[in-house]
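Trainee: I have a new structure in front of me, and I would like to learn how to read its features one at a time. Could you take me through it?

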Amino acid sequence: MAFRVPLPTQEAPNGLLERTVPFSAAGVLTGARTHLPHVVAWNLTKRCNLACAHCYISAGSWHAAAGELDTATCGRILDELLAVNSSPLLILSGGEPLLRDDLETLAERGSKSGATVVVGTNGTRLTEDRIRSLKNAGVKGVAVSIDSLSAQYHDRFRHGEGSLQQTLDAIERLGQNRLDFIVQTTVTRGNRAELPALAEWAAERGAVAFNVYFLVPTGRGEQMRGMEPEENEAVLRDLVALERSYRGRMMVRSKCQPQIMRHVLAGATDGDLDSPLLNYETRCPCGTQYCRITPEGKVTPCPYTPTVAGDLTTTSFGDIWDGSPVFASIRTGVLGGKCGRCEYRGVCGGCRARAFAEGGDLMGADESCAYEPTGTAPLIERRATVTYGSEAAPGMEWSPEAEARMQAIPSFVRAVVMQRVEKFARERGHTRIDLESLAEVRRAMPVDFSKKLPFFLKGGEA
Ligand code: SF4
Ligand code: SF4
Ligand code: SF4
């Protein structure tokens with residue numbers, strides 16, 4: 001029995017690129033592992049001091065800690081994950097993860113074992129002490145949610161009076177403590193016009209990135225009316241313009257609206273080849289490079305997709321990642337509806353969680369998209385051959401020490417960083433990469449999405 005899984009050789013019907021890899025009849029991988037969980041989001045709790053209107057996990061103060069994985073079980077799962085990928089990007093989130101007393105214990109265990117650990121929080125509980133303890137535990141960055149600079153909007157959306165001010169204070173403290181942070185905003189009809197002001201505010205505060213999330217109607221978000229496809233389209237156009245304005249200073253990205261790539265690629269056709277978004281494997285990575293662990297230990301393709309791929313209380317992470325039929329169906333399935341006949345299916349592919357939420361089919365059409373493909377246009381391919389999440393394949397000789405440095409950066413970015421290091425070295429006539437040439441690169445190489453070094457390149461790793 002053989003499943004087909006992505007690798008850059010030829011196009012599959014689902015728009016992915018594929019090669020054949022052997023699985024046993026039981027669905028267990030028998031050959032080399034061809035997909036790696038580069039990014040893992042871990043919802044450690046459903047408890048939260050807020051109760052936001054759009055919350056995909058329906059978090060709130062009424063949830064109890066009972067039923068959450070305990071510290072020892074989390075440690076065991078972490079070891080299993082690291083056995084599959086020794087350097088993932090691990091996002092510890094919730095609910096509100098700061099409500100877990102063992103957050104730092106888990107962060108430290110992950111970061112000491114090779115993971116790049118970041119924390120997603122509403123920010124209201126980020127005291128000075130907590131920021132310091134997170135830093136001491138090896139946390140490299142924090143993602144904080146701000147939906148508006150108007151307390152009336154933010155506090156009402158988040159169901160927490162005074163929450164905006166608490167989060168603004170936390171962002172000041174993050175800056176003072178030099179812990180990198182990302183500002184995350186969920187766009188709605190109510191705050192859409194404020195996005196340029198929010199981006200400016202975030203850049204002035206020194207945010208590494210401004211991430212704009214589009215509603216996925218799951219959890220409490222099911223009760224919300226999302227924007228119409230044409231409204232999404234207008235916001236995407238605005239975000240592409242904002243990305244250009246802040247390039248080199250702060251990354252601006254759409255989250256869970258991969259349709260932005262139509263606009264980025266149109267810009268590239270018009271001569272803008274510098275967008276850092278071109279370096280991404282732009283199709284949604286859920287189930288291929290990305291997955292989520294729920295507070296109870298279930299694995300799903302992403303935080304917004306409720307479909308359970310396996311249960312970590314009974315099955316190891318590696319067995320679920322390699323053998324789950326849910327992941328196999330995402331990796332091998334054929335996109336349906338308009339996404340299936342769209343020429344952008346290889347670079348966009350739509351949001352699978354939204355397709356599932358709205359049509360009950362993980363591989364169905366993402367109807368939040370305004371584009372109507374004719375089905376006759378030739379497939380559009382991504383521009384970069386090596387993207388974030390690609391397999392790292394050295395094209396030059398690397399000294400063992402230099403190679404070890406590369407192993408210390410997240411697997412997600414390794415291939416792109418190696419490619420740039422090699423390009424830089426070749427341009428200067430080097431034939432081999434060693435620690436000295438790495439240091440030279442580090443001093444001279446521009447970093448594409450931030451003028452500052454991003455968190456994963458700090459600390460002398462590259
Ligand atoms: S969105 Fe975040 S802050 Fe809001 S209720 Fe959910 S977990 Fe809490
Ligand atoms: S399925 Fe949708 S929500 Fe999930 S990671 Fe992909 S784009 Fe985002
Ligand atoms: S139709 Fe689907 S694949 Fe095409 S751009 Fe829209 S969401 Fe992307």
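Mentor: Let us begin with a helix, whose expected span is 1.5 Å times one less than its number of residues. Please keep in mind that this is a predicted model.

Trainee: How many residues does helix H1 have, and what distance does it reach from its first C-alpha to its last?

Mentor: Helix H1, which runs over residues 71-84, has 14 residues and reaches 20 Å between its first and last C-alpha, close to the 20 Å expected.

Trainee: Which residues of H1 are buried?

Mentor: A residue is called buried if 20 or more other C-beta atoms lie within 10 Å of its own, and exposed if 12 or fewer do. In H1 the buried residues are Cys74, Ile77, Leu78 and Leu81. They lie on the same side of H1, because they cover an arc of only 105 degrees around the axis. Ala72 and Ala83, on the other side of H1, are exposed.

Trainee: What do the buried residues of H1 pack against?

Mentor: They pack against two strands, S3 (39-43) and S10 (290-293), and against two helices, H2 (103-112) and H9 (317-323).

Trainee: How many helices and strands are there in the chain?

Mentor: The secondary structure comes to 15 helices and 14 strands, and 48% of the 462 residues of the chain count as buried. Among the contacts with a separation of 6 or more, 71% come from residues 24 or more positions apart.

Trainee: Is threonine 305 buried or exposed?

Mentor: Threonine 305 counts as buried because it has 27 C-beta neighbours inside 10 Å, although its place is in the loop between strand S11 (298-300) and strand S12 (310-311). Leaving aside neighbours within four places in sequence, threonine 305 is in contact with Cys286, Thr300, Arg352, Ala353 and Phe356. The C-alpha atoms of threonine 305 and cysteine 286 are separated by 8.9 Å, the two residues being 19 residues apart along the chain.

Trainee: Which residues surround ligand 1?

Mentor: For a ligand, one lists the shell and then sorts it by character. The residues around ligand 1 include Cys48, Cys52, Cys55, Glu96, Asn122 and Arg158, and its shell divides into 7 nonpolar, 3 polar and 2 charged residues.

Trainee: Which residues come nearest to ligand 3?

Mentor: Of the 14 residues around ligand 3, the nearest are Cys339, Cys342, Cys348, Gly350 and Cys369, while the shell as a whole divides into 7 nonpolar, 3 polar and 4 charged residues.

Methods
Residues numbered from 1 in each chain as written. Chains lettered and ligands numbered in written order. Predicted model: local features only at pLDDT ≥ 70, side-chain atom pairs only at ≥ 80, totals over all residues. Helix = DSSP H or I, 4+ residues; strand = E, 2+ residues; numbered from the N terminus. Arc of directions from axis to C-beta. Contact = placed C-beta atoms within 7 Å. Near = placed C-beta within 6 Å. Nonpolar A, V, L, I, M, F, W, Y, C, P; charged D, E, K, R; others polar.
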